[in-house]
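Please open the model in a viewer and keep the sequence at hand. The tour below proceeds by selection, with a note on what each selection shows.

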Amino acid sequence: KCGGVIGYIRNGNIDNCQAHGISVTSSGSYFSEEEERHGYCGGIVGGSKKGIIQNCSCYGAENDGTGTSSTITGMGAAGGISGYVGLENSEPGTSAIIECYVSNTIITSSGENAGGIVGKCYANSSIKGFTSAQQDYPCVKGTGEYGGQGPVTITGVSRVGGIVGHLVGNIIGTKYSDTGYIPLAKYVCF
């Protein structure tokens, strides 16, 4: 497991971390669905068994689109924030990626499960969107009006997605209002 900040979280949290201009490569072996955790790779953390990753971002060398892209390359699942989050036997609510974004990054898995935010989101885990007025969804930013600084390219053999490569858990887009958090039905890559 390889990450831009931390390789593996077994029971802990990451908050307010940025990885920019990074190149993270996991050359571990990719065997089968049962052992795919070998070779997980992410921009912030390689894999998170039980923990919360919040307010983190992964982007290229410059925040204006002129710099080199960050690169994340894994033999197994690869994601802009984490290779995977949770495990099938995790307690509900103990693993999540909250209010994180990715921009100007190249994400590649030579196996399965490549995603803009996370390669694989296991059952009982979730990805929760932004709660600010400007960003109210899990965010993979390209260039354009939403402040992205460069394109996000995601490549894998199968189970490749803009937000998640393989979703067994939940994606919860949220927007804050005076009455609390409102679930949204939009999950956007731009």
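Begin in the interior of this predicted model. Select Ile44, Ile53, Ile81, Ile97, Ile117, Val118 and Ile127: within the largest nonpolar core, which has 26 residues, these touch the most other members. Next, select Ala77, Tyr84, Leu87 and Tyr122, which are among the five residues of another core lying apart from the largest one.

**The whole chain**

Now display the entire chain as a cartoon. The chain contains 24 strands and zero helices. Of its 190 residues, 49% are buried. A surface representation corresponds to an accessible area of about 8,300 Å², and carbon and sulfur atoms account for 47% of that area. If contacts are drawn between residues at least 6 apart in sequence, 79% of them join residues at least 24 apart.

**The five-stranded sheet**

Select β2, β7, β12, β17 and β22. In that order, these five strands form an open sheet with parallel pairing. Which strands stand at the edges? They are β2 (6-9) and β22 (164-167); each has a single partner strand, so one side of each is left without a neighbour in the sheet. From one strand to the next, the twist averages 5 degrees.

Narrow the selection to residues 118-121, which make up strand β17, together with β22. The two strands run parallel and are joined by three bridges. Within this pair, select Cys121; its bridge partner in β22 is Leu167. Val118, already selected for its contacts in the largest nonpolar core, lies within the range of residues assigned to β17.

**The four-stranded sheet**

Select β5, β10, β15 and β20. This is an open sheet of four strands, arranged in the order given, and its pairing is parallel. At the edges stand β5 (23-25) and β20 (152-155), each with a single partner strand, so that one side of each is left without a neighbour in the sheet. Neighbouring strands in this sheet are turned against each other by 5 degrees on average, direction ignored.

Zoom in on β5 and on residues 70-74, which form strand β10. Their pairing is in the parallel sense and extends over three bridges. Select Ser23 to find Thr71 of β10 standing opposite.

When side chains are shown on either sheet, one general point assists the eye: in a regular strand, side chains alternate between the two faces of the sheet.

**Strand β16 and its partners**

Select strand β11 (residues 78-79) and β16, which run parallel and are joined by two bridges. Gly79 stands opposite Gly115 in β16. Then add β21 to the selection: three bridges join β16 to β21, and these strands also run parallel. Which residue of β21 is the bridge partner of Glu112? The partner is Ser158.

**The salt bridge**

Keep Glu112 selected and add Arg159. How far apart are their closest N and O atoms? The distance is 3.3 Å, and the two residues form a salt bridge. The pair links distant parts of the chain, with Glu112 in strand β16 (residues 112-115) and Arg159 in strand β21 (residues 158-161), 47 residues apart. A search of the whole structure finds one salt bridge.

Finally, colour Arg159 by accessibility. Is this residue buried, partly exposed or exposed? Its relative accessible area is 34%, so Arg159 is partly exposed, given that this class lies between the limits of 20% and 50%.

Technical notes: Residues numbered from 1 in each chain as written. Predicted model: local features only at pLDDT ≥ 70, side-chain atom pairs only at ≥ 80, totals over all residues. Heavy atoms only, no water. Pairing = 2+ DSSP bridges. Axes fitted to C-alpha atoms, helices over the stretch in contact; angles between N-to-C directions. Salt bridge = Lys/Arg side-chain N within 4 Å of Asp/Glu carboxyl O. Buried < 20%, exposed > 50% of the residue type's maximum accessible area, 1.4 Å probe, protein only. Core = buried A, V, L, I, M, F, W, Y, C linked by side-chain atoms within 4.5 Å. Contact = heavy atoms within 4.5 Å. Areas by Shrake-Rupley, 256 points an atom, 1.4 Å probe, with all protein chains shown as cover.
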